[in-house]
Amino acid sequence: QECADWLRALPHRHKVVCAGNHDLCLDPDFYAEHWREWHDHHQDPRVALAMLNQVCTYVVDAVVELEGLQVYVSPQQPRQPKKRPPMAFGKARGQPLKEVWRCLPAHVEVLIT
């Protein structure tokens, strides 16, 4: 809620949000498996997404057009080494991560990761 309130207060015309590896509940599949490692109580990813979608353009692995610009947004990143706890949006290095980036459209003018 604090993040949504902060975003709502910003005066910017466009607010594009890309999740990061600490935005655990925004990666629903990851969160379903790992939430107990990070949180004392379960946070509903649907509630978090609903709050974000009210105050910004939240994008995952997709293109959004803003003021005529093609903007591609992806939170995907290399998975943390095994000695560290797993994080949201982590993909195995090598082929799995290459497959994610192979989907990047050629016509993109702005890339947000």
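**How many residues of the lining of the largest pocket are nonpolar, how many polar and how many charged?**

Let us work through this together, after a word on the model. This is a predicted model, in which local features need pLDDT of at least 70 and side-chain atom pairs count only at pLDDT 80 or more, while totals for chains, interfaces and linings use all residues. Residues are numbered from 1 along each chain as its sequence is written, and side-chain values use heavy atoms, with hydrogens and water left out.

**Exercise 1. Describe the largest pocket and its lining.**

Step 1: Start with the term. On a 1 Å grid over the protein atoms alone, a pocket is an open set of points with protein on both sides within 12 Å along at least five of seven lines, and lining residues have an atom within 4 Å of a point.

Step 2: Find the volume, which is the space filled by probe spheres set on the points. For the largest pocket, this comes to about 340 Å³.

Step 3: Look at the lining. It has 16 residues, and Cys3, Asp23, Cys25, Leu26 and Ala48 lie nearest the centre of the pocket.

Step 4: Sort the residues. Ala, Val, Leu, Ile, Met, Phe, Trp, Tyr, Cys and Pro count as nonpolar, Asp, Glu, Lys and Arg as charged, and the others, Gly among them, as polar. That gives 10 nonpolar, 4 polar and 2 charged residues, which settles the opening question.

Step 5: Ask which elements take part. Helices (H or I, at least four residues) and strands (E, at least two) are DSSP runs, numbered from the N terminus. Helix H1 (2-9) and helix H3 (45-55) each supply at least two lining residues, and H3 gives the most, with 4 residues.

**Exercise 2. Do the same for the second largest pocket.**

Step 1: The volume here is about 190 Å³.

Step 2: Among the residues that line this pocket are Asp27, Phe30, His34, Arg79, Met87 and Lys91.

Step 3: By type, the lining holds 4 nonpolar, 3 polar and 5 charged residues.

Step 4: At least two residues each come from helix H2 (28-38) and strand S6 (90-91); the most come from H2, with 4 residues.

**Exercise 3. Work out how strand S4 sits in its sheet.**

Step 1: Recall the general idea. Strands of a sheet pair through backbone hydrogen bonds, either parallel or antiparallel. Here, two strands pair if DSSP finds at least two bridges between them.

Step 2: Take the partners one by one. Strand S3 (residues 62-66) runs antiparallel to S4, with 5 bridges joining them. Strand S7 (residues 110-112) pairs with S4 in the parallel sense over 3 bridges.

Step 3: Follow single residues. Val71 in S4 stands opposite Val64 and also opposite Val110 in S7. Leu66 has Leu69 in S4 as its bridge partner. In the hairpin, 2 residues lie between S3 and S4, and Glu67 takes a positive phi near 55°.

Step 4: Put the sheet together. It is open and mixed, with 3 strands in the order S3-S4-S7. S3 and S7 stand at the edges with a single partner strand each, so one side of each has no neighbour in the sheet. Neighbouring strands are turned by 25° against each other on average, direction ignored (axes are lines fitted to C-alpha atoms, and angles run from 0 to 180 degrees between N-to-C directions).

Step 5: Check burial, where buried means under 20% relative accessible area, exposed over 50% and partly exposed in between (1.4 Å probe, protein chains only). Strand S4 (residues 69-73) is largely enclosed by the rest of the structure because 4 of its 5 residues are buried.

**Exercise 4. Compare the settings of Gln70 and His41: which is buried and which is exposed?**

Step 1: Locate them. Gln70 is in strand S4, and His41 is in the loop between H2 and H3.

Step 2: Read the accessibility. Gln70 has a relative accessible area of 18%, so this residue is buried. His41 has 53% relative accessibility, so this residue counts as exposed.

Step 3: List contacts, meaning heavy atoms within 4.5 Å. Leaving aside neighbours within four places in sequence, Gln70 is in contact with Val63, Val64, Glu65, His107, Val108, Glu109 and Val110. On the same terms, His41 is in contact with Tyr31 and Trp35.

Definitions and conventions: 1 Å grid on protein atoms, 1.4 Å probe; cavity = no way out; pocket = protein on both sides within 12 Å on 5 of 7 lines; lining within 4 Å.
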